[in-house]
Amino acid sequence: MTGTWQVQEAKSRFSEFLQRTLSDGPQTVTLRGVPTAVLVPIEEWERLQRSARPDLKDWLLAPHARTDHLTPPRRDFRRRRPPDLG
C-alpha cells in the first residue's frame, strides 16, 4: 500500500515516514499537491537499479541483436570466375 505525504509532513515525521516505507512499501511525497518523489525500501531500489542496467551476462544472453549498429550492411558482390590457366 502506497502512502502519500506532503513534504512538510514527511520532514516533521520522518521516522514514521521511514517506518511506513519499510512496512507498507513505497511512500509518495507531494509538493503543493503534485507528486514529486518516492521513498522506497533499499531492496526495491536495488532491484530497480539491476533491471534498469542489465549485467554483462544478461546483455549477452538477450534475445535481440546487439551488434546491428556496429557493422555496416553487407554488399552483394558477384564473384568473378577464376582465369583458365590451362
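These are my notebook entries on a few residues and one sheet in this structure. I am working with a predicted model.

**Entry 1: the sheet**

I began with the strands. I found an open sheet of 3 strands. Its order is 1-2-3, and the pairing is mixed. Next I looked for the edges. Strand 1 (3–6) and strand 3 (34–39) are the edge strands. Each of them pairs on one side only. I also looked up the turn between neighbouring strands of this sheet. On average they are turned by 35 degrees against each other, direction ignored.

**Entry 2: strands 2 and 3**

In which sense do strand 2 and strand 3 pair? I looked it up: antiparallel, over 5 bridges. Strand 2 covers residues 27–31. I then picked Thr28 and searched for its bridge partner. The partner is Val38, in strand 3.

**Entry 3: a helix on the sheet**

Which strands does helix 2 touch? I noted strand 1, strand 2 and strand 3. Helix 2 packs on the sheet. I also checked directions. The direction of helix 2 makes about 140 degrees with that of strand 2.

**Entry 4: Thr21**

I stayed with helix 2, which spans residues 14–24. Thr21 lies in this helix. Is Thr21 buried or exposed? Its relative accessible area is 1%. Buried means under 20%, so Thr21 counts as buried.

I then looked at what surrounds Thr21. I left aside its neighbours within four places in sequence. Thr21 is in contact with Gln27, Leu39, Val40 and Pro41. I also checked its side chain. A polar atom there lies 3.0 Å from the backbone oxygen of Phe17.

**Entry 5: Arg32**

I moved to the loop between strand 2 and strand 3, where I found Arg32. Its phi is positive, about 55 degrees. I noted this down although Arg32 is not a glycine. Then I looked up its accessibility. Arg32 has 80% relative accessibility. The cut-off for exposed is over 50%, so Arg32 counts as exposed.

**Entry 6: Leu85**

My last stop was Leu85. Where is it found? I located Leu85 in the segment after helix 4 (56–61). Its relative accessible area is 80%, so I wrote down "exposed".

I also asked how many residues separate Leu85 and Arg20 in sequence. They are 65 residues apart. In space, Leu85 and Arg20 are 87 Å apart, C-alpha to C-alpha.

Note on methods:
Residues numbered from 1 in each chain as written. Predicted model: local features only at pLDDT ≥ 70, side-chain atom pairs only at ≥ 80, totals over all residues. Heavy atoms only, no water. Helix = DSSP H or I, 4+ residues; strand = E, 2+ residues; numbered from the N terminus. Buried < 20%, exposed > 50% of the residue type's maximum accessible area, 1.4 Å probe, protein only. Polar contact = N/O pair within 3.5 Å; in protein donor to acceptor, adjacent residues only side chain to side chain. Contact = heavy atoms within 4.5 Å. Pairing = 2+ DSSP bridges. Axes fitted to C-alpha atoms, helices over the stretch in contact; angles between N-to-C directions.
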